[in-house]
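Biologist: I'm new to this one. Can you walk me through it?

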Amino acid sequence: MALLLGSVAPYLSAANWNSPYSQQGVEEQVLYSSFSGRPKHLDPARSYSSNEYTFIGQIYEPPLQYHYLKRPYQLEPLGAAEMPVVTYLDRQGEPLPADASTEQIAYSVYEIRVREGAKYQPHPAFVPVDEVVLEQVEQLSDFPQQGSRALMADDYIYQIKRLAHPATHSPIFGLMTEYIVGLQALRDQLKEARKQHPEQWLDLRKFPLDGVERVDDRTYRIKVKGKYPQFLYWLAMPFFAPMPWEVEQFYERPQLKEKNITLDWYPVGSGPFMLTVNNPNRKMVLERNPNYHADFYPTEGEPEDREQGLLADAGQPIPFLDRIEFSLEKETIPYWNKFLQGYYDASGISSDSFDQAVQLSGSGEAQLTPDMEAQGMRLQTSVSTSIYYMGFNMADTVIGGTDERARKLRQAISIAVDYEEYISIFANGRGIPAQSPLPAGIFGHQTGEQGVNPVVYRWESGKPVRRSLDEAKQLLVEAGYPNGRDAESGKPLTLYFDVTASGPDDKARMDWYRKQFEKIDLQLVIRNTDYNRFQDKMLNGSAQIYLWGWNADYPDPENFLFLLYGPNAKMEKNGENASNYSNPQFDQLFEQMKNMENSPERQQVIEKMTTILHNDAPWLWGFHPKNFGLYHHWYRNTKPNLMANNTLKYARVDSAERTQKRGEWNQPVLWPLWGGVVLMMVLIVPAWLGIRRREQQSLRKEVS
Amino acid sequence: MLNYILRRILYAFPILVGVNLITFFLFFVVNTPDDMARMQLGMKHVTPEAVENWKQERGYDRPLFWDDTASGVGVVSETLLFIESTKLFRFDFGVADDGRDIGKDIRERMGPSLAIAVPTFIIGLMTNITFALLMVFFRASYLELSGVVLTVVLMSISGLFYIIGGQFVVGKLMHLVPISGYESGLGAFRFVVLPVAIGVISGIGSGVRWYRTIFLEEMGKDYVRTARAKGLSEGRVLFHHVLRNAMIPILTGAVVVLPLLFMGSLITESFFGIPGLGSYTIEAINAQDFAIVRAMVFLGAVLYIIGLLLTDLSYTLVDPRVRLS
C-alpha cells in the first residue's frame with residue numbers, strides 16, 4: 001500500500017492528475033503525437049507505408065528531399081551535397097548531349113556526391129561488441145558503448161544492394177529491376193548464395209552490382225536503363241538512404257534477434273532524430289540525434305508563408321524539437337478527448353468529432369467552431385495527392401471494351417453517380433470531385449473550365465454543373481439500354497459491383513451506390529467479398545465494377561497516368577492498371593509524356609490523354625480527399641506537405657504556453673466524488689440499520 | 001490426485017493436436033499462402049516473384065498437410081503442419097510475419113493485460129458476491145426489488161457505453177485520471193484505476209444476478225433451516241454457511257477463467273491504450289499473420305485446459321466429499 005501511495009503521490013501533487021505523461025511542468029521541446037497501430041517495418045529498404053514513414057522519415061536521410069515550403073513540390077539535396085548530375089549514354093556507352101532524344105538514350109547515369117560532415121547517430125554497431133554484454137542486453141540502450149562514423153558513398157551503394165536481397169522483401173525491387181542495371185543479376189547471385197549458406201549473413205560488399213559504381217569515398221553513380229527522370233523522386237525516399245554494413249552485420253546476431261532487436265525495428269540513420277524507445281505495443285520515442293549535421297530552416301517559401309509566420313524561423317538551425325513521443329492510441333474518441341485536453345499537439349478530425357470541430361460557412365468554406373477557436377486552435381486543410389475512384393473492368397464483356405455501346409454505358413453511369421453527394425454524405429464535405437486522375441498539386445492538373453470533364457459536367461455561370469439524368473438516360477438509349485433494359489432481349493441490365501465492404505458504415509454506402517444506378521434504371525448487385533477473394537478477382541479479371549484508390553509516390557503525372565497504361569494491366573501483367581484499360585493512342589502519348597520535363601509541351605500531351613480518358617471513361621473519377629488538420633496554438637511551423645516525410649525537424653512548440661493551457665484546462669473536479677461518498681452513505685446507512693433491525697427482530701422473536 | 005493430474009495432462013495432448021489441426025485447416029481455407037504474402041507485401045508494386053520469394057523465405061512454399069514428393073514419414077514430417085506444430089508443443093512460437101519474436105511479444109504484453117484483468121476479476125468477484133448476499137439478506141423487501149431492477153438496468157447497457165461514458169465523466173469532465181495510456185511498474189496504477197472500475201461496474205449486473213440465484217437456491221436447503229434453528233444470526237448463516245456451500249458453482253465459473261485472464265480484453269485495452277494481449281489475436285487475424293494466430297489459439301487452449309484442471313482441483317478444497325480419482 002505504501003508503495004502504491006508512493007507511486008501515486010507525485011501525480012496527485014502535480015497540477016494535472018489526468019496527464020498521461022510522467023513529465024510535469026515546463027518541459028523541453030517535446031512534441032506529443034500518436035500511432036494507431038504498430039508499424040510493420042522500419043527497415044528503409046522495406047518500409048512503404050505512411051505510418052512507418054512517420055518514424056523512419058525523421059531517422060534516415062536519402063540523397064534528396066522535398067522543399068518544406070515551396071509549391072509546386074521541389075526537390076533539393078539532403079544526404080547529397082548537391083543535386084545529382086545526370087549524364088545520358090547511348091548503347092555503346094558514349095555520352096550524349098542533355099537534349100538527346102529519348103530513343104537515343106540507352107542509359108542515364110546519376111552521379112551523387114555525399115554531403116560532407118554527416119555522421120550516423122550513436123549506435124553500438126560502430127564499436128566492438130562484447131559477447132557477454134550481448135547475452136545480457138534487453139534493449140539497445142543497455143550497450144555500454146556506442147560509436148558513430150561518417151557517411152560514405154559505400155553506405156548508399158550497400159543500401160541499393162539491399163533492395164535486391166531476397167530476405168529484405170523490398171517492395172520496389174520489381175520496379176527497380178526495370179531501371180537499375182544489374183539489379184536482377186545481383187538478386188540471382190544472392191539467392192544462390194543464400195541457398196548454399198541459409199543461416200549466414202551475406203556481406204553485400206562482396207557482391208558486385210553493375211549499375212552502381214563507387215567513384216571515391218564520397219561519390220557514387222547509379223546507372224539507369226533509358227531515360228527515367230522520375231528516378232530523382234525515388235532518390236527522395238528512404239529506399240535509397242545510406243546503410244552501413246556494420247549495422248546489418250550487428251543485427252544479424254541471433255542473441256539480438258530473439259529479443260526483437262533487429263534492423264527492421266531499430267533503425268540507424270543520420271537524420272535529425274533517432275529512435276530511443278521502441279515499444280510498438282505502447283510508445284515510440286524519437287530523440288534529437290546529437291551527431292546531426294548542420295541543417296537550417298528554409299528561408300524561402302510561398303508568398304503567403306511569411307504572413308502566416310512560417311518564415312519566422314528562417315535560417316535557424318534545426319531541428320527545434322528535443323523529443324517526439326508517439327503513444328499507441330487505437331481509438332479515435334480517447335485520442336480526440338486527449339487532444340482537447342492539450343495532451344496531443346495536433347489531430348485529424350474523425351467523422352465523430354467533425355461537427356464539434358468544424359462548421360461550414362455560407363460559401364461552403366470550412367472553419368473552426370467557436371469552441372475550437374476559443375481554445376486557440378488552427379485548422380489547416382489540403383487536397384491530398386490521392387484519388388479514390390470507381391473502376392470498370394475494361395476486359396468485361398458488358399461494361400468493358402472501347403466500342404460505342406460500352407463507352408456510352410460507362411458515360412451514363414459517370415453522370416448518374418453523383419460524387420458531390422457522396423462527398424457531402426460520407427466524407428463530411430472533405431473531398432474534391434475528380435475530373436481526371438490528376439489531383440491538385442500534380443503537374444497537368446487543370447482548374448476552371450479547362451479542367452472539367454465535359455462528359456459529366458457542363459460549365460455554367462463559372463462553375464461545373466453535373467449533366468442531367470435525362471442526358472444520362474439518353475446515353476443509355478444510344479448504348480442500346482433504353483429504360484435500363486437490353487433493347488434486343490428486353491431483359492433488365494444487371495451490373496455487378498465487387499467490394500470489400502465490412503465496416504459499420506458500408507451498408508449505407510452500398511445502398512447509396514445502388515440508388516445512384518437506380519436513377520437511370522440500372523440494377524446494381526453488390527458482390528461483397530473478403531480482401532483475398534477481391535484480390536483474386538482483380539488479378540484474374542472477373543470483377544466488373546470495383547472501388548480502388550491510389551496515393552502518389554511522387555508529384556509527377558506519370559505516377560497517376562501509368563495507372564491506365566495498357567502494358568501495366570493487372571489481369572495479364574500484374575501491374576497497377578486495375579481496370580485493364582488499353583488504348584493504343586493513350587499508351588503512345590503516355591510513353592511520350594513520361595520522359596518529358598514539365599513544360600507547355602508536356603501539358604498539351606497530358607490534355608490529349610485526359611480527353612481520351614474522359615471519352616473512354618474507364619473510371620468514374622471519384623474524388624480527391626481533403627485532409628483536415630487541427631493544431632494547438634503552441635504548435636508552430638506547420639504546413640501540410642504531402643510529399644515530404646521528414647517534416648518534424650521544422651516543427652516547434654511553445655512548451656510554456658502548453659503547460660499553462662494544460663493546467664487551465666485540466667483542473668481536477670472533486671465535488672462529484674464527495675457527492676458520491678454522501679450518496680453511498682445514504683444507501684449504506686439505511687441498509688445497515690435494516691440489518692441491525694432484522695437481527696434484533698430475530699432475537700426478540702427467539703426471546704418471546 | 002497425482003495420477004488424476006497426470007491423466008488429465010495426457011488427455012490434453014490429443015485435444016491440443018485437434019485444436020492445432022482445426023486452426024491450420026480453418027486458416028488456410030480462408031487464406032492461402034499467396035493471400036498472406038500479398039497482405040504482407042502491401043498494395044503497390046507487388047510482383048508474382050515477390051510473392052513466391054516471401055513464401056519461400058517464410059516456409060509457406062511447403063505442402064500444408066501432405067507432401068507427395070517425400071517418402072516414408074517425410075510425407076507428413078516435411079509439411080508445414082508438422083514442422084510448425086512440433087515447435088508449438090515445445091512452446092517455441094517462432095517469429096511473426098513482421099519479424100518480431102512472438103514469445104517475447106506475448107511475455108511483454110501479458111503484464112499489462114494482467115494489470116487490468118486480475119484486479120477487475122478479484123474486485124468484481126468480491127463485489128458481486130457481496131451485493132448478491134445483501135440482496136438475499138434483504139429478500140422480499142424493497143431493497144431487493146430495487147437491486148434486481150438496478151442489476152437488470154446495468155446488464156442492459158452495452159459494455160462500450162460504460163467505457164466511453166467512464167472516460168468522458170472521469171477523465172474528460174472531472175480530470176481525475178488519464179483518459180488512456182499506460183506506464184510500466186507502479187506508474188501503471190493511475191492508468192488502470194478507471195478501466196478496472198469500469199470493468200467491475202459493467203460486470204455487476206450479470207454477476208450479482210447469477211450469484212443471487214445460486215444463493216437463493218441454497219437458502220431453501222435443510223442446513224440453512226438447521227443453522228437458523230440453532231440460533232445463528234442471518235448474517236452468519238449467509239456469509240458463513242450459505243457462502244461456503246455455494247462455492248462449487250462459484251468456483252466452476254471463476255477458476256476456469258483464471259488462466260484466461262492472461263489473454264486480456266479486446267475492447268477495454270483498445271479504448272484505454274493498454275498494450276496487452278487483448279488485441280494481439282484480432283490484429284493478427286486482420287493482418288493474416290498465421291504465426292501469431294496459431295500461437296495464440298494454442299496458448300488459449302492450453303490455458304483453458306489448465307483452467308478446467310484447476311477447477312476440478314479446487315472442488316476438493318471447498319468440498320471434502322469430492323475425491324479425484
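Modeller: One term before we start. Angles over 145 degrees count as roughly antiparallel. And keep in mind that this is a predicted model.

Biologist: Okay, let's use that term. At what angle do the axes of helix 10 and helix 11 of chain B cross?

Modeller: Roughly 155 degrees, and the axes come within 11 Å. Helix 10 of chain B covers residues 222-229. Angles over 145 degrees count as roughly antiparallel, so helix 10 and helix 11 of chain B are roughly antiparallel to each other.

Biologist: Is that crossing left-handed or right-handed?

Modeller: The crossing of helix 10 and helix 11 of chain B is right-handed.

Biologist: Which residues meet there?

Modeller: From helix 10 of chain B, Y223(B), V224(B), A227(B) and R228(B). They meet V237(B), H241(B), V242(B) and N245(B) in helix 11 of chain B. The residues of this contact divide into 5 nonpolar, 2 polar and 1 charged.

Biologist: Switching to chain A. What order do the strands of the open sheet take?

Modeller: The order is 5-4-6-8-7, with 5 strands and antiparallel pairing. Strand 5 and strand 7 of chain A stand at the edges. Each has a single partner strand, so one side of each is left without a neighbour in the sheet.

Biologist: How many bridges hold the pairs around strand 4 of chain A?

Modeller: Strand 4 (residues 85-89) pairs with strand 6 (residues 107-113) over 5 bridges. With strand 5 (residues 95-96), strand 4 has 2 bridges. L89(A) takes part in both pairings: its bridge partner in strand 6 is Y107(A), and in strand 5 P95(A).

Biologist: What links strand 4 and strand 5 of chain A?

Modeller: They form a hairpin with 5 residues between them. G93(A) in the turn has a positive phi of about 85 degrees.

Biologist: And what does Y107(A) stand opposite in strand 8 of chain A?

Modeller: K225(A). Strand 6 and strand 8 (residues 219-225) of chain A run antiparallel, joined by 7 bridges.

Biologist: Which helix lies across strand 7 and strand 8 of chain A?

Modeller: Helix 4 of chain A, residues 153-162. Helix 4 runs at about 175 degrees to strand 7 of chain A.

Biologist: Last topic, the two chains. How many residues are in contact?

Modeller: 51 residues of chain B are in contact with 52 of chain A. On the chain B side, helix 3 gives the most, with 6 residues. That side divides into 19 nonpolar, 17 polar and 15 charged residues.

Technical notes:
Residues are numbered from 1 along each chain as its sequence is written. Chains are lettered from A and ligands numbered from 1 in the order in which they are written. This is a predicted model: local features need pLDDT of at least 70, side-chain atom pairs count only at pLDDT 80 or more; totals for chains, interfaces and linings use all residues. Two strands pair if DSSP finds at least two bridges between them. Helices (H or I, at least four residues) and strands (E, at least two) are DSSP runs, numbered from the N terminus. Two residues are in contact if their C-beta atoms, placed from the backbone, lie within 7 Å. Ala, Val, Leu, Ile, Met, Phe, Trp, Tyr, Cys and Pro count as nonpolar, Asp, Glu, Lys and Arg as charged, and the others, Gly among them, as polar. Axes are lines fitted to C-alpha atoms, for helices over the stretch in contact, and angles run from 0 to 180 degrees between N-to-C directions. Angles under 35 degrees count as roughly parallel, over 145 as roughly antiparallel, 65 to 115 as roughly perpendicular and the rest as oblique. A crossing is left-handed if the near helix is turned anticlockwise from the far one by less than a right angle, and right-handed if clockwise.
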